[in-house]
Amino acid sequence: MIQITIDGTPHDVAPGDRLVDAINRAGVPLSQVCYLSILGPIQTCDTCIVEVDGKLVRACATVTAAGMKVSTTASRAHAARTEAFDRILHNHDLYCTVCDNNNGNCTVHNTTKLLGVEHQRYPFQTKPYEVDNSNPFYRYDPNQCILCGRCVQACQDLQVNETLSIRWEDPHPRVLWDGGMPIGESSCVSCGHCVTVCPCNALMEKSMIGHAGFLTGFSKPVLGSMIDVVKGLEAETGYTTILGVSEAESAMRTTRVRRTKTVCTYCGVGCSFDVWTKDRHILKVEPAEGPANAVSTCVKGKFAWDFVTNKDRLTKPLIREGDRFREATWDEALDLVARRFGEIKTAHGPDALAFIASSKCTNEEAFLMQKLARAVVGTNNVDNCSRYCQSPATMGLFRTVGYGGDSGSIHDIEQAGLVLIVGSNTAESHPVLATRVKRAHKLHGQKLIVSDLRENEMARRADLHFRPTPSTDIVWLSAVTRYILDEGLAHSDFLSQWVNGLAEYRTSLEPFTLEFASKTCNLPVETLKRVAQMIVEAKGVCILWAMGITQHSNGSDSSTAISNLLLVTGNYMRPGTGAYPLRGHNNVQGASDHGAMPNMVSGYQSVNDPEVRARFRSGWGVDLPATKGLDNHEMVDAIHAGKLRSMYLCGEEMSLVDSNANYVSEGFRKLEFFVVQDIFFSATCQYADVVLPASPSLEKEGTFTSTERRFQRLYQVFEPLLGSRPDWVIVQDVANRLGAGWNYRYPSEVMDEVASLSPMFAGVNYQRLEGYKSLQWPVAADGSDQPLLYTKNFAFPDGKARLYPLAWREPQECRDSEYDLHLNNGRLLEHFHEGNLTYRSPGIQEKTPDTFVEVSPALARSRGIESGSLVQLTSRHGHLRVRALVTDRVQDGELYMPMNSSTSPVNLLTGSHTDPATHTPAYKETAVRMEVLARAGESPLPRINHRFGHPTPQSGVEVERKWRQPGYRFPGDLVQIETKREG
Ligand code: SF4
Ligand code: SF4
Ligand code: SF4
Ligand code: FES
């Protein structure tokens with residue numbers, strides 16, 4: 001630490017700290033309009049000028065040095081700040097009382113007060129531009145824009161979508177989208193970063209406008225006259241009086257606007273934020289303090305919450321009568337569920353029933369669902385949708401390093417010297433996590449390699465992108481590892497100290513020569529050597545992977561190959577290294593962690609471990625069934641075989657998202673009694689006998705666990721919609737009707753029970769997770785957690801990792817002369833999964849109304865296809881019709897279909913073949929043929945979709961261009977000149 005003095009008081013600071021941070025930490029009030037620590041110094045506003053050792057400097061751009069003498073109170077510094085802020089007010093009409101941004105956190109309002117501005121030296125001047133309302137979620141008002149550039153910095157260098165810029169040379173600069181396009185026709189992905197960081201009302205969520213204030217809902221002419229009245233007062237009263245009124249109005253808002261912390265319900269990144277609500281209206285989502293995301297969100301977390309208040313929400317239980325459903329009371333429905341479950345158990349035994357927990361529900365709800373299965377019904381037939389995507393990754397890590405979770409945090413990924421992404425469309429599937437990679441790559445010299453069949457955004461940005469033959473990743477990964485060992489480039493100290501099984505593993509690598517890999521994967525040997533070289537040269541390597549690896553019949557082995565490669569190169573046990581299987585659903589990690597698996601209870605404790613069974617016997621007072629139950633893939637087979645007769649499915653659209661959808665649906669028809677719990681009447685509900693209306697995340701409390709193994713609390717934003725109930729309440733009701741005698745009054749009591757029975761979560765409780773606090777498992781009883789795993793040892797009894805021998809197997813489904821094309825599938829940024837939630841967002845629906853099949857230009861030419869052509873895809877398992885989108889993201893005979901459709905779900909085409917180790921369906925091993933039904937048609941992706949935009953990459957806001965303008969003078973210089981003149 002070094003010492004500096006601020007206004008005469010000594011302070012200890014770290015050398016190299018930004019001065020503005022040191023001043024803020026010292027609690028000295030200082031204006032700083034353009035500064036946000038996560039964005040770094042932007043230096044556009046000049047309102048942070050202080051005197052340092054006699055010189056006027058910007059505090060945000062000054063680095064602390066020992067002995068520095070800082071004065072914030074020097075009159076010259078104050079004068080410079082006031083001059084700078086006066087220039088800002090020249091660009092901004094101060095009408096706070098009738099402004100939707102007057103919520104106590106408006107930087108312009110608060111700076112006016114802080115600097116004691118009474119009258120403007122430079123009067124407000126409008127700019128010759130209209131308000132831009134063309135984006136469905138937010139609007140830009142150039143006349144309120146103070147040109148601070150925070151939005152540009154966020155878009156260019158944090159989100160790294162590179163849509164925004166300011167042309168400082170223009171006579172009237174403003175923020176530009178794609179250099180001057182309407183927002184709605186630009187490359188903007190509606191992530192909301194710019195809106196969140198805007199310090200005033202220039203960028204604002206449309207859901208706020210006219211709703212936040214008491215006086216803001218009036219029509220434009222009325223508002224205009226009110227603004228004139230307010231402004232008219234300024235000359236006479238000064239701003240103090242006006243701000244007094246606006247502050248009173250702002251204080252009144254707190255009586256009806258609630259801000260509630262929640263965690264995103266979409267992907268596994270685990271973004272958290274405050275939801276601002278007025279009654280049941282969502283005013284906005286405001287991220288700031290989330291440990292995973294800070295100010296970041298994607299379009300779903302920021303804007304796609306319309307489903308919560310959608311009119312189609314289920315509010316009454318439904319009971320099947322023949323081909324129809326009738327509404328029922330809760331008592332009637334629950335009685336029926338309990339009676340039928342009881343009858344089937346009595347007649348056929350507990351294993352005739354099965355339970356599926358939801359990866360969208362909370363940890364507590366997953367725990368209760370498996371407790372219902374095991375402790376009340378007496379079966380281990382319980383699973384969750386990680387079977388469809390993540391189980392192979394978990395298996396690969398169990399085999400090699402011991403814990404089935406990401407080995408570090410998003411922060412580690414940011415710090416890595418090299419990020420290798422294999423089979424993950426990270427920018428669309430884990431958007432906020434991807435921003436950290438894009439930022440590190442753009443600003444901090446991080447290297448990026450992408451292996452993917454498609455040229456997705458990360459591939460486009462990568463230093464090296466290659467497209468291996470489908471299903472062959474295990475081959476190139478193992479060949480690169482073998483090459484590293486053969487060339488003596490392995491981390492031998494790490495291997496000898498920390499890793500078992502090298503000899504046997506090396507033997508298994510024998511077939512994996514570079515030549516074999518080159519032939520099998522259709523990759524040049526030089527590419528493989530380059531990958532190896534980049535890995536061994538990098539300071540730290542993080543490997544990210546997802547469904548492009550796991551959804552193959554060798555998904556577990558490929559995941560294992562990734563971990564083997566990391567071990568051989570010593571890329572565990574240090575910050576900036578490790579294995580990162582990116583979890584898809586918000587709580588897919590947590591659902592497995594909390595025991596919704598057929599072979600493990602909470603905390604990955606095996607059902608046939610005597611010690612575990614004894615622990616649960618003492619906790620629950622019952623004996624756990626000792627043999628592994630059916631996973632959800634086996635459940636479908638068991639239904640067809642007549643062994644499984646009843647199922648309780650919570651919050652999963654299984655008829656569309658399991659592979660071979662026709663086979664799954666046929667199975668559901670055969671069930672004797674099927675209970676589906678959901679918030680909407682999903683496609684799966686049509687097979688149910690009873691449908692129970694549940695509540696989404698905003699209507700309940702609990703915890704989610706993100707891909708970083710991070711527990712976070714969600715708080716109730718709304719009361720459950722009348723008639724619906726939180727899932728944990730429903731599961732408890734069912735259990736009690738079956739005689740369980742549970743009495744959980746609040747989800748924290750469930751978590752206390754989890755902690756008492758699961759050593760891995762021993763220290764988890766709601767106090768430790770209060771507000772934005774979080775814990776990354778394993779959590780010891782004293783509450784200490786592990787953001788980075790394996791810092792002391794690996795999670796095996798001897799503390800050492802294990803290299804796991806592998807062999808190559810051909811994929812189970814390949815192309816042939818009849819099915820001549822390979823069909824890949826995956827997520828789209830703006831939709832989640834099948835789209836049950838996101839299609840209920842009108843803004844998303846407008847920009848991305850349907851699914852499509854991507855066809856390469858070469859294939860399109862040869863088949864006479866254009867964007868909009870209607871094609872029929874036929875696989876060995878089914879067929880569907882879909883519109884084509886011609887794009888060079890795919891190549892040759894590769895097709896790609898986003899999974900977001902309930903009318904043409906891609907799983908009508910996928911088969912039932914699986915990864916043998918986990919039974920995860922090989923969704924990505926699908927061969928199809930394509931027939932053209934109609935050559936011409938409307939493109940399935942409208943021109944207003946961001947994919948047609950033209951970003952304008954640059955480095956941040958490029959403030960130097962502003963400083964070069966003839967009209968610009970550094971306020972500090974002006975003040976010094978004036979002071980000299982006065983002297
Ligand atoms: S992508 Fe769009 S919403 Fe996101 S920061 Fe850029 S301009 Fe704003
Ligand atoms: S729109 Fe951008 S430049 Fe304008 S005030 Fe908001 S953040 Fe600053
Ligand atoms: S969907 Fe994922 S990236 Fe987007 S806001 Fe939610 S958690 Fe964050
Ligand atoms: S806060 Fe330092 S220049 Fe804006």
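**Close-ups of a predicted model**

**View 1. Helix α9, end to end.** In this predicted model, helix α9 runs over residues 330-348, and at 1.5 Å a residue its 19 residues should span 27 Å. The end C-alpha atoms sit 27 Å apart, so the expected span and the model agree. Just after α9 comes G349, with a positive phi near 90°.

**View 2. What α9 packs against.** Here's the buried side of the story: W330, A333, L334, L336, V337, A338, R340, F341 and I344 of α9 are all buried. An α-helix has 3.6 residues a turn, so residues three or four places apart point the same way. The buried residues of α9 pack against strands β13 (318-321), β15 (353-356), β25 (646-650), β26 (673-678) and β27 (690-693), plus helix α29 (727-737).

**View 3. The shell around ligand 1.** Cysteines C155, C188, C191 and C194 are among the residues here, along with H193, Y138 and W177. Sorted by type, the shell has eight nonpolar residues, four polar and no charged.

**View 4. The shell around ligand 3.** This one includes C264, C267, C271 and C298, with K300 and P431 also in the set. Helices α8 (299-303) and α15 (431-443) each chip in at least two residues. The tally for the shell around ligand 3 is seven nonpolar, two polar and one charged.

**View 5. The largest pocket.** About 770 Å³ of space lies in this pocket. It's lined by 28 residues, and Y95, V131, D141, K220 and I227 come closest to the centre. Helix α6 (residues 220-237) gives the most to the lining, with five residues. By type, the lining splits into eleven nonpolar, ten polar and seven charged residues.

Terms used. Residues numbered from 1 in each chain as written. Chains lettered and ligands numbered in written order. Predicted model: local features only at pLDDT ≥ 70, side-chain atom pairs only at ≥ 80, totals over all residues. Heavy atoms only, no water. Helix = DSSP H or I, 4+ residues; strand = E, 2+ residues; numbered from the N terminus. Expected span 1.5 Å × (residues − 1). Buried < 20%, exposed > 50% of the residue type's maximum accessible area, 1.4 Å probe, protein only. Contact = heavy atoms within 4.5 Å. Near = heavy atom within 4 Å. Nonpolar A, V, L, I, M, F, W, Y, C, P; charged D, E, K, R; others polar. 1 Å grid on protein atoms, 1.4 Å probe; cavity = no way out; pocket = protein on both sides within 12 Å on 5 of 7 lines; lining within 4 Å. Points joined across faces, edges and corners; volume = space filled by probe spheres on them.
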